[in-house]
Structures are given as C-alpha cells and as structure tokens.
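The following note sets out several points for a colleague who is about to examine this model. Chain composition, aromatic pairs and one pocket are taken up in turn.

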Amino acid sequence: MTLFLLRRLLQTAQVLFIMSLLVFVGVYAVGNPLDMLVDPQATAADTARVAAALGLDQPLWVQYWRFLGNALQGDLGNSFLHGTPALQLIVQRLPATLELAVSALLIAVLLGIPLGLWAGLRPDSFGGRTIMAGSILGFSLPTFWVGLMLIMVFSVHLGWLPSGGRGPTREFLGLEWSLLAPGGWRYLLLPALNLALFKLALVIRLTQSGTREALLQDYVRFARAKGLPPHRVVGVHVLKNIMIPVVTVVGLEFGTLIAFSVVTESIFAWPGIGKLLLDSINQLDRPVVVAYLLLIVFIYTLISLVVDLLYAALDPRVRLAGGQTA
Amino acid sequence: MTSIPPSTTHGAEPLLRVRHLSTRFRNRDGEVTAVDDISFELAAGEVLGLVGESGCGKSMTGYSLIDLVDPPGYVAGGSVRLNGRELRGLPAKAWRALRGDRIAMIFQDPMLTLNPVLRIDTQMVEAVLAHRRISRAEAQTRALDALERVGIPAAAERLRSYPHQLSGGMRQRVAIAIALLNQPDLIIADEPTTALDVTIQAQILYEMQTLCREAGTGLIWITHDLSVVAGLADRVCVMYAGRIVEQGSTAQVLERPAHPYTRGLLDATPAAALARGHHRGEPLRQIPGSAPPLSALPAGCAFRPRCPRANESCLQVPPRVETADGQEALCWHPLSPGEALPEASTAIGVQS
Amino acid sequence: MTASASSAISASHPSAGGWRTLIRAYATSPLALAGLVLLLVIVTAALAAPWIAPQDPYDLSQLDIMDSRLPPGSTSADGSLHYLLGTDGQGRDMLSAILYGLRISVAVGFSATLLALALGMSLGLVAGYAGGRIDAFVMRAVDIQMSFPAILTAMILLALFGQGTDKIVIALVASQWAYYARTTRSAALVEGRREYIEAARLLGLSTPRILFRHLLPNCLPPLIVVAALQVAAAIALEATLSFLGLGLPVTEPSLGLLISNGFQYLYSGRYWMSVFPGVALLLTIVALNLVADRLREILNPRLQPQ
C-alpha cells in the first residue's frame, strides 16, 4: 500500500514535469503578450523595460528554468493583468468550481443510478425505454445549448430561479459555500443541473447495462434461490457489482466536469476557474493559463489515484500492488 | 393415456409430487415447450437422478420446481406438491419464503454462483436472516456450523474470505453449505460437480448423499452423466426433448432399460464398451444424429428420427408404459429386459 | 499456394453484395432511416444555402436596420421579405443566417473529421502494423491526448493560434485524432494476424500496398462508426468553442456564434435569435447520432443477431 502510494506520487511528479514543459513551451512560444500589454504607441525602450520586468526578454529555456524553480516553491508567476500571483487567483476561485462540479456529480449519481436501475430492471417497459431515450438525448445535446434553454425556461419564462451569478455564500472552514447560505442553492441549481446532464446520461447508461448484465449472472439467480427479498437482491447483490464500473467512470469523469465548467460558468456567470481561464485566454494572460493547466493536470492525477483506491475498496479481487492492479 | 407413475412411498403423500408439469417459452415465432408434461415423485431422504443431454430441459425442470424460470419462460401447467401442499399458483412472497428455506438449489459453476464482491459470511448470514428471526450472531454461528458440516477446514477464517480466495471445490462446498443452512426438505442440485476435478467430484457426491440421508432431505441431482447417477441415486428419470422418457429405480433403469434412448446412452458409455469387448482405438458406440432443438421437435416421439425401432406408430405421442413394478417408459415399443438395440443402429427415420 | 492466397485476399474484401446487405440491414430501422433522411436534408440545405436562402445575410446592403429584432413571421418594413424565423439585432433574416451558419458548421465538422480520420488512421495503421517502439510511442501520445477532455485541448490551441476557420479545424483535428488512431490500431492488430495478410506478405507485396489495399479495408467498419459519431462531436465542439468566442471569427458566423449573438437577447424574451439556430444544431447532431448508432449496430459483429 505504501509502495503503491509512493510509486503513484512519483508518476504524478513525472507527468507534472512533462506537462509543465509542454504547457510552458506551448503557451509561451506562440504569440507575443507584449503586444497586448504595452500601449501600441510605446517606444521600443518602454517595451523592452516591460519585457525585462516580466522576464520576457530572456531566452525561452531560461524563462522555463526560472518558471520551474519558482513553481517548485508554489510560485507560478504573477498574472500579467492582475499583478497578483496566478496560483492565488486560481485557488481563490477553485472552491466555486469545486462546489459546482461536486453538486453536478451528486446530481448525476443520485439521479442516474436509480434511473439506470429502473431501466435495467424493466428494459422493455415504457418507463425504461423513456429513460434510455432521454439518456441518448442527454448525450446529444450540447452543454451550452441546454444551459441557454434552462435560463430561458426557468429564469426568463417562469422566473423561478436566477439566471446567473453565485448569489449569497457562507463561510465554512475558510471557504465560501453557496449551499450553506440561505437561498444559495437557487443560484447553484441551474448551473449544476446543466453541468450534470451529460454525466447523468452516462451514469444511466452504465447502470442500465450493468444491471442487465448482472441480472443474468448465476450469483443473482443463486441469491434469489436463497429466498432473498428483491430489495436485497437488487440493492446489495446487483448494486454492489455495478458500483465498480460506475465509480471508476464517474471518478475519472470528474476531471472533465471541471474542464467543462468553462462552458457552464461562462453561461451562468459563475465565478470559478473556468470563467477565469476563458478571460485569461482572451486577454493572453499566460501565467494564469499555465497555472490553470498545471492545476488541472494535478487534479487529474489526484483523481485517478483516488479512483484506484476506491476501486480496491469496492472490488475485493483488486489488490494494490506497486503501481499495478492485479 | 397418462397412467399415474408408481409411487415409492405407499399410502402417505410423498415429499415431492410433480404432476403434468409443463414450462414454455414465448419467442418471436410462437411458443417453445421446454418441459413437457412431466410427472414424478420423491420421498424424504431419497436421491433422484435427473439425466439428459444438454438442452433437454432438465435444468429448466429444476427452475420450474423453485419458481425461478425467467421471462419469457413461464410454468404453463401442472401441479407441484411439497409435503402435500400445492406450490403452483402461490404468490411471489410465499415462493420467496419457500426458496432457500424448504427448497434449496445449487448451480453448476461454483465460480459464478457466489457474489464476487461480498464476503462468504455476508452471503451466508443473509440466507439465514431471510427466513429466521434470529440475531446476526446466531446466524453467524449457524453459518460456521454449516461450513464445518460440509468439511471446510478453518471455517471461521473462511467465513471472512471473499469467493475469489477459495478454490472451485471449496466454493461449491460453500454453496452446498448455504443450501443446507435452513435444513430444507428438498435440494435441487443442477450439475454441481461437473465443473470440478474428478476426485473432488467424488468426495462431494459422497458427502451430499450422506448429509441428505441423515437429515431426511430429498435430493434431485441433475446431471448428464449416467455414471454419477449410478453411484448416487435411488431413482432415475431420463429426459429427452423436454419429456421424461423413462423412470424407475436406479437398478431397473441402468440394468434393464426399457426406452431405446436410455439403452443408447448406456451403450455409449466406456463401461458398456468394455463389457462388449471393446478394442482400443475403436470408436465408442453412439446414438446416431443429435438431439433436436426444442423449437423444431418432430411430431410424436421426439426420439423417433434417431431411434432404430421407430415406425409409423411413433408419429403419435407415445403412451406411458409400465414395464416393471416402479419402472415406466414413454415409448410405443419399449425394450424387454436385456434386449439390445438392433446392430448398426442406423435410424430408419420416419420422416414427418 | 498463390491461387489460394489470392482467393483468401479477395474473399476478405467487402463485395458489392456486402454493401447491398448493409444498406438493407440499415433500412430495417425506421428511426435510423428518419435520421438518415434528416441528415441528407440538412446537408443539402447547407450546401445549397446561397441559392435557397431568402437573403444573403452578410451582404450589408440587403440588411435594413428598421427590420432588427422582429419576431418570427414578421414582414420587412418595405414589405418585400417575409421573416419566417424573425430577425436578429441587425435586421438579418434568421432563416438565412441559420442556413449560412449550418453551411459553415457542417463544412468545419466534416473537414475536421476527415482530416482527423486521415491522420489518426495512418498513425494507428502504422503503429498496429509496425509494433515495437513506433507503436509504443504513438500509443503513449494517444493516451496523453485522450486523458485530456477534447474541449480543453481545443481551447488551449485556439488560445495559442487565435481565431479562424483553419485554426479551429486544426484544434478539432488535434483533439480527435487519437480516437481514430486507437480504433485503427486495435483493428489492425486483430486483422494483421489473419491469414490473408500473411498471404499478402508471402506474395511479396510492398508494405504500403499491404497497409492500404489489404489491411485498411478490413479496419474500416469500426472506423466508419467512430467517424460518424465524431462528426457530431466535432460540430458540437465547434459550436461550443464559437459560443465561447474562441472559435470562428464574427465574419464567419457558424451556428454556435449565432446562438452566442442571440444569447444577450434571451433575457428580454427574444428567444428566436438563439433558439432557432440551437434547434438547427440539435437536429444536425441528433440526425448524425441516429445514423452513427445504427451503423454501430449493423457493423458490430458482436451485436449482430444470429
């Protein structure tokens, strides 16, 4: 177990290093942020002074070396625009995105598993067919368009929920939470639903096919032969088996939830890292873009580690060995 | 037309009494009969061997007795009485109370019968608690006893294992222990030793026989292997294409078969070949042709196209003929005791 | 030997009869047939946009600011035009804008898919056939690519290169080539072990000839399915990126950009400017998915009824 964790940490460090190189070269080698930062009428001397102040006059590898040295100390450079540390900017906005993504994940799982079970237990019923048809639609609809429709129906037409912004938050454990503030959920609901839709469709399909498969297995027949009530056959014997693929896929998809929050946050003006990334891309604020990407890579590797641990907890046949699952 | 099959227990109602049981499947092209009008009886403590080739409906017979036929299959008719109580038509809840308590079933592949993600104790305790209002600790004790009874060493440790940590033979013993947990009246064992090594197979067969005899449990042993039946069963039912074509005591059926199909099966065993003075390298004698699919059964006697004795009368469904006391065959012209099949066994094949 | 080898080769290629059974199998699903008809209508409308659109939405001389923000069914101020789907903020006929937008979306989606298919297929074929280091390298790149969501890859590339039709096609290709590479490789690995490839090798055929004439045709079924699904994904992704303002420039308004432009009017209840382009986008994606789903059913040997 310790060996497993050590190996995984080493792998994470490797991936982060390679990604930092790729991201740095990619982001810094193309385009010239000076054009953006310096007044077009500025003299060459002024431009050079700004470049020197930001370190943009150095050769690329020197810039990277300095960047890496600083990064190891948690310094990913200052935002060109805000002048504050890029990492700090992102960390400030991360909780909003995490709250959104976790809420979306909960919606996807808490709605998706029961619906998928229903559709899997009664695949030929009207309800089962409707759920599966709905899940195909959930795959087809582009996230941003669903967001617009949600705003149109629930905010503009019905006037039930606000169309954007984060609304009131309450501090807890040093972070701001929408769900803890009175009425905060009203601001969270539509964006979370919007972000959840695709994953909801995914969870439904996974659960449905897993259930159908499990029902054909001998262990389910044997459980029935033992005289167990249906709720125990489905709720324990079937569910515990289908949780393995569901947890794996949903866990790995948590990263894409954070990535896709760019779309949802921009539609619902949710002040998270996705919106920050979009603004930074539009304004060529490279340190923020780099910091965002490195953070995403870090979150991705962290997630895959957590998923592996969960997988081992759920499936007794899996034993964590040095970096490999057997 | 259908005479009542001979009872092994005279006077009193037997443990299990099956009459005219039929199970069908609905499919796109209509209906397929998987179990066709079968009748048999079983006394307490008795072992019944249900023999047939794969696809003959013997497993479906087992599922029909315990109400585990999955849609689109359904039990179409007949009667199943356990200790004098009619089971057909019972509501789902009553069936559930019976399953695992009065009637238990064991399946073929021990690798697949136990849930891979649940510990052995979880799977045993739930089987007790589904039928008994006792504490979890008591249920645990019962599980331990059951494991010890089926000869599992270090049972307490095994209880905390997951199925994948046990060997195939060990897993099948666990499945048997689960079946024995609530001291059922009847156990239906669907080829539970086929997937195991021959030595373990023999051990388990012997133990099952002893356990059932001691507890007075009726045992239906479903198998395709006549040699298993020979050492284990008191009575034998031979199935072909959904029907019981012959039944009787083990000695009667194996030594003086009346149905040409049973005769053919016996001739095809290596033991029979040796008795005939079989030479090495010579192929074993086989029944010509192969069993027809249930969806395309020939009219009348389903064995007719493969039978060397078939003639025009076999186009009609054959009658039950009592050939000896307690032995009957479903045949127009059963063999007399000791009679062999015509040599070269080429099917005359009365085409339908 | 030679005769049997060449017959083995010819037997493995899909014949004309094979295509006919394929078409017949496809047609047995009414829903999939409806999807195909819808797709053909959409593609035809997109191609014919300059001839069937009531107005050229980007010829400023044809626009009348008096006609701006008219609801569906209105008539223009001079009475010459009937705005079936309303007008946008500049008095542009929405139906014409949608037809032109569809043209751009469909063109970008299909060209990006074809390029990604060509790139991914070649890499996958070479990786699967060559094996060893080349295989390991290509698959490593595939793994890295696929561990990132397509939208993130595309966003970063667009952030680097800026806007433009060529740039978004590059971004889409970069975020999708890996699917084809992986699919082709696994198919090539399976097919590469078959006798007919061995026979072709023994016949002394050149490697490119074996790859493209013999191996590729037999890897095609799974690729067609992936490509059909990926066209829909490419169109959706382009729309998303354009909606975010990262994709196509304002001079080439695809459906995504139209929706984005109409977004600001949504709050005031002028739904038609974003909803109608959205419906057009949706129909395109659903039609493509229906076709892809059916293709998957009939081309997947595991799903074929016995």
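1. Surface of chain C. In this predicted model, chain C exposes about 14,100 Å². Carbon and sulfur atoms supply 65% of that exposed area.

2. Burial and contacts in chain C. Of the 306 residues in chain C, 50% are buried. Among the contacts in chain C with a separation of 6 or more, 71% involve residues 24 or more positions apart.

3. Secondary structure of chain C. The chain contains 12 helices and two strands. Read from the N terminus, the order of elements is α-α-α-α-β-β-α-α-α-α-α-α-α-α; four helices thus precede the two strands, and the remaining helices follow them.

4. Aromatic pairs. Over all chains, a search of the whole structure yields seven aromatic pairs. One of them joins Phe154(A) and Trp160(A): the ring centres are 6.1 Å apart and the planes stand at 45°, so this pair is classed as tilted. Phe154(A) is partly exposed, with a relative accessible area of 25%, whereas Trp160(A) is exposed, at 54%.

5. A pair in chain B. The rings of Tyr261(B) and Phe303(B) have centres 5.2 Å apart and planes at 65°; because an angle over 60 degrees counts as edge-to-face, the pair falls into that class. Tyr261(B) belongs to helix α11 (residues 260-267) of chain B, while Phe303(B) sits in the loop between α12 (270-275) and β11 (320-324) of chain B, so the pair ties together parts that are 42 residues apart in sequence. Both Tyr261(B) and Phe303(B) are buried.

6. An aromatic cluster across two chains. Phe222(A) forms one aromatic cluster with Tyr63(B) and Phe107(B).

7. The second largest pocket: volume and centre. This pocket holds about 920 Å³ of space. Its lining comprises 25 residues. Those nearest the centre of the pocket are Leu121(A), Leu215(A) and Arg224(A), together with Asp70(B) and Pro71(B).

8. The second largest pocket: elements and chemistry. Which elements each supply at least two residues of the lining? In chain A they are α5 (86-121), α8 (184-215), α9 (218-225) and α10 (230-268), and in chain B the element is α2 (92-98). By residue class, the lining of the second largest pocket divides into 15 nonpolar, nine charged and one polar.

Technical notes. Residues numbered from 1 in each chain as written. Chains lettered and ligands numbered in written order. Predicted model: local features only at pLDDT ≥ 70, side-chain atom pairs only at ≥ 80, totals over all residues. Heavy atoms only, no water. 1 Å grid on protein atoms, 1.4 Å probe; cavity = no way out; pocket = protein on both sides within 12 Å on 5 of 7 lines; lining within 4 Å. Points joined across faces, edges and corners; volume = space filled by probe spheres on them. Nonpolar A, V, L, I, M, F, W, Y, C, P; charged D, E, K, R; others polar. Buried < 20%, exposed > 50% of the residue type's maximum accessible area, 1.4 Å probe, protein only. Contact = heavy atoms within 4.5 Å. Areas by Shrake-Rupley, 256 points an atom, 1.4 Å probe, with all protein chains shown as cover. Phe/Tyr/Trp six-rings, centres within 6.5 Å; stacked < 30°, edge-to-face > 60°.
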